Each structure stands twice: as structure tokens, then as C-alpha cells.
Amino acid sequence: MLQAIGLTSAPRRDGPPVVDDLTFEAPSGSVTVLLGAPGSGKTTALRLMLELEAGRGVTYFKGRPLHRIGHPAREVGVLLGDVPGHPARTARGQLRMLCAAAGVPASRADELLEVVGLAGLGDQRVGTLSAGMDRRLGLASALLGDPHTLVLDEPTAGLSPRERSWLHGLLRAHAAEGGTVLHTTGDPKEAARAADRVVTIDDGRLVADQDVADFSRTRLRPRVAVRTPHAARLAAVVSREARAARRSVEVVAEGGSRLSVYGSSCAEVGDTAYRHGVPVHQLADETGDAGPSVVPARGPGGGQVRTVLPGPASTVAISKLPPPISVRPARGPLRPLRYEMRRLFGVRTAGLVMAAVLVVSAGLSVLLARTGRTPLPDLLVAWPDLLPLPPAAFAAGLLGALSFGDEFRYPALAAGRGTVPRRLGFLLAKLSVSAGVALLLAVLSVLVDAEALRLFYGNDLVGVPENAVQLAVSWAGLSVGCAWAGLLGAGVFRLAGAGVAAVLAVPVLVVPLMQKLLAGPSARSIAGLPGRLRELGWLQWPYETDRWVMAVVRVVAQPVGLALSLSLSALICAYVFTSLRGRARW
């Protein structure tokens, strides 16, 4: 059961809240529709339930708020708006990535593709899907974790009548298995056809909470649709005969040759037209919408209207459900790592950036070697004086910035609350994967540059520097530091461009500042630091380790290392602060 209690959105600019003290229930084993016109607050209400919108109130899913559920994807399936997937990712890749986030087997993706009718389109890019296929993929994303509750915002938007019937059947099947279904719509007829219970809101307030029979009786009015070339004449005679017989009949001119007759039947209207010699081109029973203003909270809405539409069980065919998950959800660090790996390599961006950077790095290395004035370490990493960073280090920062930038641009996990990327596990996974990619790029760039130099200028130019270990540590630290600076910068400012700016700020702004601070003479030395660390921490490492500790300290003490360390420290503090502030709102 889903229970929404006192949902109230935060007012904006001293205006009224979009949702105001909304309270209702969606029982298990039934389909509940949240009905309202555009702008009535339906989507905001769902976002408040899912703790994605600032406001007051609480929503219980089987007795627990969403932030107290250990595996939200196994409890709540969500579809809000379009599928927030990267347009270059395939439909199967999108689902497999979300499978890793939810901790379910990757084979679940193929099962869901078949259930929603996209089995033959698994390799199609998300950006090329039509509106109907997009909704199907979104429903598959909501069903990945085999959830008990489905919360869907306008799930039939963009679907044909046949696809709508299929979707309603799938939701009916989920409810028949004991699940809870809540979805929004702006069409009263769809609500009457597909729901067991209809909750009507207007201007963010509850207007009515009715079962479907009462809703159909009070909100939808049967009428006779008439099309005749003498509409005004027929309207006059039908109204005159109704008054003479003291019957409650309302005739509404719809424009042109069309009339809508409420409170009568096709037989009565046809007989009246025949007696008065009025030709009729169309005569049919229809169902009209009485509008939100006439929806009562209880009881029928008039003695003359008694038609009850058939319930959804008799009008909607039950569709096939996906099989239940037979294994326990995955736990531990592999879950976010799998997600991040599939997110990174599910599109071609990472591969293209790495390939392009290796080509640029090799070209720069060959050009720098022509002058004969560039030291060998700079040749191996292709770092000319005119560039603030080597190409490989900048590429590592760019990929790190995209790691969080794509999350905010295509928020595939935003509705999950328990699997959003700002959680510590996903942050550690992103840091680990970005560091691994940065190290791989650093090694490949050195190998490619060395091979290019050997190819163009022979073996005499390329050799192993005397301080190769210290240079390797410095190069690895610079690459990983740039990747983390880009990642954290994008995480703090929620923009990939901000991550790139954070990377460039280190050599352009922070390094010159550090050089000025360190340019003066020093009266103190850090000699003996390893021994003092051993005494402070009661550490009994071998004395041979002191040499390596001092080498690391000298690397960090360089202006670039010190600037990068300070920048990362500031970004980590900013990230923690923004994360805690975001959680405090809920």
C-alpha cells in the first residue's frame, strides 16, 4: 500500500504551493489514477512522494518512507517524463547499466525488452526511439527490480490506442499479482477505463477520492451525439418536447451541424427527428466529461444520470508480466563498480577521447623532439611549455568531468533515491574507475610517444631516465589528480564544463600562486620526516622505506603537486558540504 500524507510543496516567490496538503491512499492489488488537468500538480505530487522535491509531508511504501528502504529499486519502480538515458546508448545498454545499479542480473534487461515489445530493438540508440518506444523503455526501466509499487507519470503519453490498451493490461496484471500501481493522467475517460480508484486533484488540492464506479457515475455523463444540417431546428424541437414531457434534457450546440443531447437516448432523439422531418447524418451514444468543477467528494451527481461504465477488468486485457527475479540483489562494491563501468563504456565518448588524445600526444612528442631542446621526460608525455597540461592529463580530467556531468545531464538514477550517484558507494566507484582510466591513459600515452619517437628518430633518442621511478609517480599522480579534479568539480557544480574548469584552474591559477609562495628562501627543512612519522604513529616500517616516503613527499612538495593537493582538498570539502546540504532538505 502507498500512503501519501500531507504532501505540500515549497512555495515559490511568495506564491501558493503547487501541491497543498494532499492526502490519499493507493491500496495494494489495485490500480489508482491521479487525475488532474495540466498544471494541477500531479507531477509535483509524485516528486514529493519520491523525495525529489522540497516540501513537507511523508509517503509510506508498505509502511516505510523511501529513504528508509534498503533496496528502493526492489520496492518502487518509477517513470517520470522521458527515459533519461544518454542518446548514444543502446536500449539494451541502458537497461544493463540500470541492472548494475539495482543489483539485479544483467539478463533481466533482455527479459524486460521482450515483455515491453522491444526485443528486436535492443541495439537501437535511445536518441532514435519514437515516443511510444521511449515510453516502453521507460516502463522496462521501472520494472527492472521487480518492484511492488509502480509510480508512473503519464505513462500513456505518445502511445497509440492499441499501445495504451497493452499498457493498461500490463498494469492490471501487476495489480492482480498484489502490487500497487499509481499513475497520473489528464483524461477522465482513460481513468474510468483503467483504474480501480480515481483520485482527482485541482490546483494541488484533493477534489475527490472515489472508486471507479462512483467516479464514472459522477464525473462522466452519457450523451447522444447528433449530426444534422438543421441543428438549430432539431435542438428547438427536442427541448420543446422534453419540457412538455417534464424530462431533464440538455441540448448543447457543439458548432456547425453537431449537437450533444444529455439526458436522452438515441431512440428518443431519432423519433423526434423523424416526426418533425429533420434529416440526421449521425446518431450515436458517447461519454462526455463534466469537468473538474462538478466532481463531488461523495455520492452521485444527479438523479437523471444513471449510466455506469463497465469496470476495467472487463474492458482491459491482462498482459504478460516479466518473470520474478530468482536471485538476491547484489551487494558490496561490485554493484556501483559495474554500474560505472557500463556507464563509461556504454557510449563511444571515452574510446574516442582516448584515441584522439593518443594521436595528439604522439604528434606533439614528435614535433617537440625536432628542436632538441625539450627534456626526455617532457617528450614522453608530450608537454610543451605553451600548454598548461599534457594532453593525456587533460583528457583524464575531461573524462572525469563527464563521469558526473553525464549523471546530471541524463539523470538515469534520480528517481531511485537509494541509488543516486551522490551516495558514497557510487562516489568511490567513480573515483576508482576514473583513476584506473587515468592511469591507463598515462601508460598508453608514454608507450605511444616512445614508439613514435623511436619510429621517427631511431633508438638513440629514447631511453630510461635516471629518476624513472620518481617521474613515473609524478606522472601517475598528475593524471589521477586531474581526473579527480574534473570529477569532483562536475559533482559540486553539476556541470561537466565546471569540472573541466576545475582541471585547468590548477596549472593556470593555483600553480603560479604556489610558485610565488615557494620562491623565497627557506629556513626550515623537512629532513627527518619519516622518522618523526614513525614516532608519531608508532609505525615499525623498515628503514629502507624512508627513502620511498621522502620521494613521495618531494613529489607532493613540488608546486604542481602541492597545487593539485590543495585543489582536491577544496573540492572534496565542497562536495561533502553540498551532499550533506542536499540530504538535510529531506
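Of the 586 residues in this protein, 45% count as buried. Keep in mind throughout that we are looking at a predicted model. The protein has 21 helices and 13 strands. Its exposed surface comes to about 28500 Å², and carbon and sulfur atoms supply 59% of that. As for contacts, take those between residues at least 6 apart in sequence: 74% of them join residues at least 24 apart.

Let's begin near the N terminus, with the strands. Strand β1, residues 2-9, pairs with β2 in the antiparallel sense, over 4 bridges. If you want a landmark in that pairing, alanine 4 stands opposite phenylalanine 24 in β2. Now, which residues of β2 point to the buried face? Along β2, residues 22-26, they are Leu22, Phe24 and Ala26, while Thr23 and Glu25 point to the other face and are not buried. That fits the textbook picture, since side chains in a regular strand alternate between the two faces of the sheet.

A little further on, have a look at lysine 62. Its phi is positive, about 55°, although it is not a glycine. Lysine 62 is found in the loop between β4 (55-61) and α2 (72-75). With a relative accessible area of 49%, lysine 62 is partly exposed. Hold on to that one, please, as there is a partner for it later in the talk.

Next, helix α5, residues 131-143. How far apart are its end C-alpha atoms? They are 19 Å apart, and at 1.5 Å a residue its 13 residues should span 18 Å, so the two agree. Is the helix enclosed or open? Well, 11 of its 13 residues are buried, so α5 is largely enclosed by the rest of the structure. Among those buried residues are Met133, Asp134, Arg135, Arg136, Leu137 and Leu139. And what do they pack against? The buried residues of α5 pack against two strands, β5 (76-79) and β6 (149-152), and against the helices α3 (91-102), α4 (107-115) and α6 (161-176). Arginine 136 deserves a closer look: its charged end sits over the ring of tryptophan 166, 4.3 Å from the ring centre.

Let me jump along the chain to helix α13, residues 349-371, where we find valine 357. Valine 357 is buried, with a relative accessible area of 12%. Leaving out residues up to four places away in sequence, valine 357 touches Pro391, Ala392 and Ala395. The C-alpha atoms of valine 357 and alanine 395 are separated by 6.8 Å, although the two residues are 38 apart along the chain.

Serine 365 also has its place in helix α13. Its relative accessible area is 0%, so serine 365 is buried. Beyond its neighbours within four places in sequence, serine 365 is in contact with Leu379, Ala382, Asp449 and Leu453.

Alanine 382 in that list is the partner I promised for lysine 62. Alanine 382 has a positive phi of about 55° as well, and is not a glycine. Where does it sit? Alanine 382 is in the loop between α14 (376-381) and α15. Here the burial contrasts with lysine 62: alanine 382 counts as buried, at 0% relative accessibility, whereas lysine 62 is partly exposed.

Now for the aromatics, where the count comes to 4 pairs. The rings of phenylalanine 404 and phenylalanine 408 have centres 5.8 Å apart and planes at 20°; that angle is under 30 degrees, so the pair is stacked. Both residues lie in helix α15, residues 391-409, and they are 4 residues apart, about one turn of the helix. Residues three or four places apart in an α-helix point the same way, because there are 3.6 residues a turn. Phenylalanine 404 counts as buried, at 0% relative accessibility.

For another pair, turn to phenylalanine 456 and tyrosine 457, which is tilted: 6.4 Å centre to centre, with 45° between the planes. Phenylalanine 456 is exposed, with a relative accessible area of 56%, and tyrosine 457 is partly exposed, at 34%.

Back to phenylalanine 404 to finish. Together with Phe408 and Tyr575, Phe404 forms one aromatic cluster. And which charged residue sits over the ring of phenylalanine 404? That would be lysine 430, whose charged end is 5.3 Å from the ring centre.

Conventions:
Residues numbered from 1 in each chain as written. Predicted model: local features only at pLDDT ≥ 70, side-chain atom pairs only at ≥ 80, totals over all residues. Heavy atoms only, no water. Expected span 1.5 Å × (residues − 1). Buried < 20%, exposed > 50% of the residue type's maximum accessible area, 1.4 Å probe, protein only. Contact = heavy atoms within 4.5 Å. Phe/Tyr/Trp six-rings, centres within 6.5 Å; stacked < 30°, edge-to-face > 60°. Lys NZ or Arg CZ within 6 Å of the ring centre and 35° of its normal. Areas by Shrake-Rupley, 256 points an atom, 1.4 Å probe, with all protein chains shown as cover. Pairing = 2+ DSSP bridges.
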